[in-house]
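Student: Please take a close look at a single charged side chain and what surrounds it. Then work outward from there.

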Amino acid sequence: PVDAEIAQAVASRLKLSNAARKRLTLATEPAGDSWETAYRIGREGAIDRLLLANRADEARAIASWDIPKLPVSGGDLVSAGIVAGPAVAATLRKIEDRWIAEGFPD
């Protein structure tokens with residue numbers, strides 16, 4: 001289904017596990033950028049979305065992609081002088097968004 005509420009109703013009626021319900025619900029959201037989606041929600045969820053959007057070639061590419069790890073951590077930011085707390089999280093999120101937008105550079 002293309003609607004999260006319908007997906008939840010189907011999952012309930014079929015008595016799916018919590019993991020299967022979550023997967024079905026995640027699949028109802030738009031696929032968007034295949035690489036970013038795979039990074040943010042995981043390979044399985046991205047493939048589900050891509051297949052439902054008739055983007056099988058991208059799904060095959062994601063299936064064999066080694067999802068990268070952000071090369072900087074909150075600890076790195078604290079070491080660089082940012083005070084631990086919300087500022088670290090906000091800065092890390094901005095870095096991550098830019099890193100994704102630039103295609104996951106090393």
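Tutor: Start with Glu96, which counts as buried because its relative accessibility is 15%, where buried means under 20% relative accessible area, exposed over 50%, and partly exposed in between, with a 1.4 Å probe and protein chains only. The model is predicted, so local features need pLDDT of at least 70 and side-chain atom pairs count only at pLDDT 80 or more, while totals for chains, interfaces and linings use all residues. Residues are numbered from 1 along each chain as its sequence is written, and side-chain values use heavy atoms, with hydrogens and water left out.

The side chain of Glu96 meets that of Arg40 in a salt bridge, at 3.8 Å from N to O; the term requires a side-chain nitrogen of Lys or Arg within 4 Å of a carboxyl oxygen of Asp or Glu. This pair links distant parts of the chain: Glu96 belongs to helix α7 and Arg40 to helix α3, 56 residues apart. Helices here are DSSP runs of H or I with at least four residues, numbered from the N terminus. Unlike buried Glu96, Arg40 is partly exposed, at 31% relative accessibility. Both residues belong to a network of salt bridges that also includes Glu36, Arg93 and Asp97.

Ten salt bridges are found in a search of the whole structure. Among them, Arg60 pairs with Asp57, with the closest N and O atoms 2.4 Å apart. Both residues lie in helix α5, three residues apart, or about one turn of the helix. Arg60 is exposed at 54%, and Asp57 is exposed at 59%. Another salt bridge joins the side chains of Glu58 and Arg55 at 2.8 Å, N to O. Glu58 is partly exposed at 30%, as is Arg55 at 24%.

Arg55 leads to the loop between α2 (18–27) and α3 (34–41), where Gly32 sits. Leaving aside neighbours within four places in sequence, Gly32 is in contact (heavy atoms within 4.5 Å) with Thr37 and Arg55. Gly32 is partly exposed, with a relative accessible area of 44%. Its C-alpha atom is 8.7 Å from that of Arg49, 17 residues away along the chain. Thr28 is in the loop between α2 and α3 as well, but is buried at 13%. A polar atom of the Thr28 side chain lies 2.6 Å from the backbone oxygen of Thr25.

Now back to the helices of the starting pair. In soluble globular proteins, nonpolar side chains tend to be buried together. The largest nonpolar core (buried Ala, Val, Leu, Ile, Met, Phe, Trp, Tyr and Cys residues joined through side-chain atoms within 4.5 Å) has 13 residues, of which Tyr39, Ile62, Trp99 and Phe104 touch the most other members. Two or more residues of this core come from each of α3, α4 (43–52), α5 (56–63) and α7 (86–101). The element giving the most is α4, with three residues. Not counting residues up to four places away in sequence, Trp99 touches Tyr39, Pro68, Lys69, Leu70, Pro71, Phe104 and Pro105.

How values were computed: A polar contact is a pair of N or O atoms within 3.5 Å; within protein, one must be able to donate a hydrogen and the other to accept it, and residues adjacent in sequence count only if both atoms are side-chain atoms.
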